[in-house]
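Me: I am new to this structure and would like to understand the words used to describe it. Could you take my questions one at a time?

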Amino acid sequence: MSSKKERKSKNMFQAPKGTRDILPEEQIYWEKIRQVVQKVAKSYGFERLDTPILEEEGLFIKGTGSSTDIVQKEMYSLKTKGGDRLVLRPEFTPAFIRAYLEDGLSSRPHPLKLYTTGPLFRYERSQKGRYRQHEQANFEIIGENDPVLDAQLIQVFFSIVGGLGLKDIVAQINSIGCRQCRPAYRKKLVNFYNKRKGELCFDCQKRLRQNPLRLLDCKDDRCVLINEETPQTIDNLCLDCHNHFKNVLEYLDELEIPYILNSRLVRGLDYYTKTVFEIWPEEEAGRQSALGGGGRYDNLIKILGGKETSGVGFGLGIDRLVNFIKEKNIKVSSESLPSIFLVQLGELGKKKALKLFEDLRRANIKVASQFSKNTMNAQLKSADKMKVPFALILGQKEALDGTVIIRDMKSGSQETVLWEKVIKELKKRVKK
RNA sequence: GUGGUCGUAGCUUAGUUGGUCUAAAGCGUCAGUUUGUGGCACUGAAGAUCGUGGGUUCAAAUCCCACCGACCACCCCA
């Protein structure tokens with residue numbers, strides 16, 4: 001007899017903040033998304049690359065950028081017993097580039113198209129659709145700077161979203177220039193804002209020194225007002241960037257991908273050059289739930305120690321997609337429901353049924369059972385709950401006769417057949 | 001990291017000017033009515049120290065404080 005005190009161990013532990021359990025009934029959504037991601041990836045020639053969840057801390061400080069929020073406040077960092085500083089990866093791209101350089105992938109035919117799915121970790125205040133551990137699908141095309149790849153990558157995103165039956169999705173897109181034109185633009189920006197420094201919000205005064213581009217997407221009323229007069233990124237691109245962007249947009253038109261130019265889209269990662277984009281549900285514009293985003297990074301590989309090599313990529317938030325699919329009541333089929341329930345009665349029946357279960361399973365018949373329940377009542381009730389069309393009944397009598405009863409759950413009609421014929425009989429019926 | 005709302009069985013909720021609340025209901029679970037036949041119905045059982053810990057009080061699910069967690073708006077992003 002357990003006292004109340006002893007039983008209380010129940011809620012002693014809870015999942016850490018911003019993490020959660022994905023319950024069995026949710027899995028159909030996850031499976032479906034992963035399946036569509038894989039299918040689309042392969043159809044565009046992407047190969048899977050898996051990288052470790054742990055990486056050296058320096059990889060992201062250098063790759064993602066030391067002034068970014070991700071690095072400054074959102075990394076789960078730890079020190080190993082050997083003294084290495086590691087982090088739970090906060091994003092994929094630098095890890096992909098690390099693998100590209102470390103594993104000699106640069107000697108493979110280019111462009112190299114790689115994708116993966118897996119958990120990412122960011123230490124931030126959790127909210128719906130914003131978890132400390134969340135899963136992303138990630139796509140990268142490494143080794144070419146042709147604008148057609150930017151456009152096709154965005155198409156890949158739309159193919160995934162479309163493959164899930166989601167509509168009214170729109171891309172927001174911008175170009176933030178390159179090494180040639182950005183410094184001049186940045187200077188222009190700083191000059192502009194310096195003149196009106198007193199009117200900026202507190203954060204922007206700080207950003208002005210650290211990362212002036214970020215002033216563009218500030219949502220503070222005062223800054224929004226000022227930003228209406230700010231020099232636009234698009235008007236300050238060098239010829240190369242200008243043409244690149246123009247081409248990307250033309251390709252998007254050709255693909256009939258809905259997009260809006262958003263001259264204030266800058267994104268929080270240091271490595272982006274030229275094209276940056278985010279993908280949003282149409283009606284959600286302005287809220288905080290982009291389904292994904294990405295851009296071009298023509299300097300990153302060099303920064304991480306490789307040759308000057310271009311890349312484009314994007315991440316897609318699977319947790320958010322799951323929420324979105326549920327909100328939209330998109331039907332996701334759960335294919336592998338059992339079609340047969342095997343009922344056993346009596347010790348001999350149980351033994352024979354145990355064996356029959358294996359025979360059926362090997363014959364690729366999806367069969368369910370409850371060997372730990374012994375009454376016909378309980379077992380048929382389970383069968384009913386599972387909504388199987390047929391039940392097999394194997395009791396003492398049938399075990400001795402070498403037969404089994406096939407029961408049609410809907411009509412209630414029953415037929416006794418020999419064990420040797422069960423599989424054939426079932427296949428005949430299940431097909432209909 | 002900032003500001004706000006909230007937290008009662010697995011789920012949804014009732015109960016909160018403190019007092020038979022040793023906490024109630026529906027759904028769900030399990031069992032029985034039906035010892036070899038499910039769905040309906042009826043009966044019953046299990047399941048909650050009212051998020052956790054302190055405090056106030058003769059008395060706390062109800063008031064106060066702290067912590068934990070969820071959600072919302074920022075910040076930022078997926």
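Me: Where is lysine 387 found, and what makes it exposed or buried?

Reply: Lysine 387 is found in the loop between α14 and β14 (390–394), where helices (H or I, at least four residues) and strands (E, at least two) are DSSP runs numbered from the N terminus. A residue is buried if 20 or more other C-beta atoms, placed from the backbone, lie within 10 Å of its own, exposed if 12 or fewer, and partly exposed in between. Lysine 387 has 11 other C-beta atoms within 10 Å, and therefore it is exposed. Its phi is positive, about 60 degrees, although it is not a glycine.

Me: How far can such statements be taken, and how are the residues and chains labelled?

Reply: This is a predicted model, in which local features need pLDDT of at least 70 and side-chain atom pairs count only at pLDDT 80 or more, while totals for chains, interfaces and linings use all residues. Residues are numbered from 1 along each chain as its sequence is written, and chains are lettered from A and ligands numbered from 1 in the order in which they are written.

Me: Why is asparagine 364 called exposed or buried?

Reply: Asparagine 364 has 9 C-beta neighbours inside 10 Å, so it counts as exposed. It is found in the loop between α13 (346–362) and β13 (367–369), and its phi is positive, about 65 degrees, although it is not a glycine. Most residues other than glycine have a negative phi, and most peptide bonds are trans. The peptide bond from histidine 110 to proline 111 is cis, with omega near 0 degrees, and proline 111 is in the loop between α5 (93–102) and β5 (112–121).

Me: What makes a set of residues a nonpolar core, and which residues have the most contacts inside the largest one?

Reply: A nonpolar core is a set of buried Ala, Val, Leu, Ile, Met, Phe, Trp, Tyr and Cys residues joined through C-beta atoms within 7 Å. The largest core here has 67 residues, and Ile33, Leu153, Ile154, Phe157, Ile160, Leu316 and Leu321 have the most contacts inside it. Helix α6 (residues 147–163) provides the largest share of this core, 9 residues. Apart from it lies another core of 21 residues, including Phe341 and Val404.

Me: Which residues does leucine 321 contact, leaving aside neighbours within four places in sequence?

Reply: Two residues are in contact if their C-beta atoms, placed from the backbone, lie within 7 Å, and leucine 321, with those sequence neighbours left aside, is in contact with Ile33, Leu164 and Leu291. Leu321 is one of the buried residues of α12, and the buried residues of that helix pack against α2 (27–43), β5, β6, β9 (273–281) and β11.

Me: How do you know that β6 and β11 pair, and in what sense?

Reply: Two strands pair if DSSP finds at least two bridges between them, and β6 and β11 pair in the antiparallel sense over 7 bridges. Isoleucine 141, for instance, has valine 312 in β11 as its bridge partner. Both strands belong to an open sheet of 8 strands with mixed pairing, in the order β1-β5-β6-β11-β10-β9-β7-β8, whose edge strands, β1 (47–48) and β8 (259–261), each pair on one side only.

Me: What makes a residue near RNA strand B, and which come nearest?

Reply: A residue is near a strand if its C-beta atom, placed from the backbone, lies within 6 Å of it. Of the 58 residues around RNA strand B, Lys17, Gly268, Gly317, Gly395 and Lys397 come nearest, and α14 gives the most to this surface, with 7 residues.
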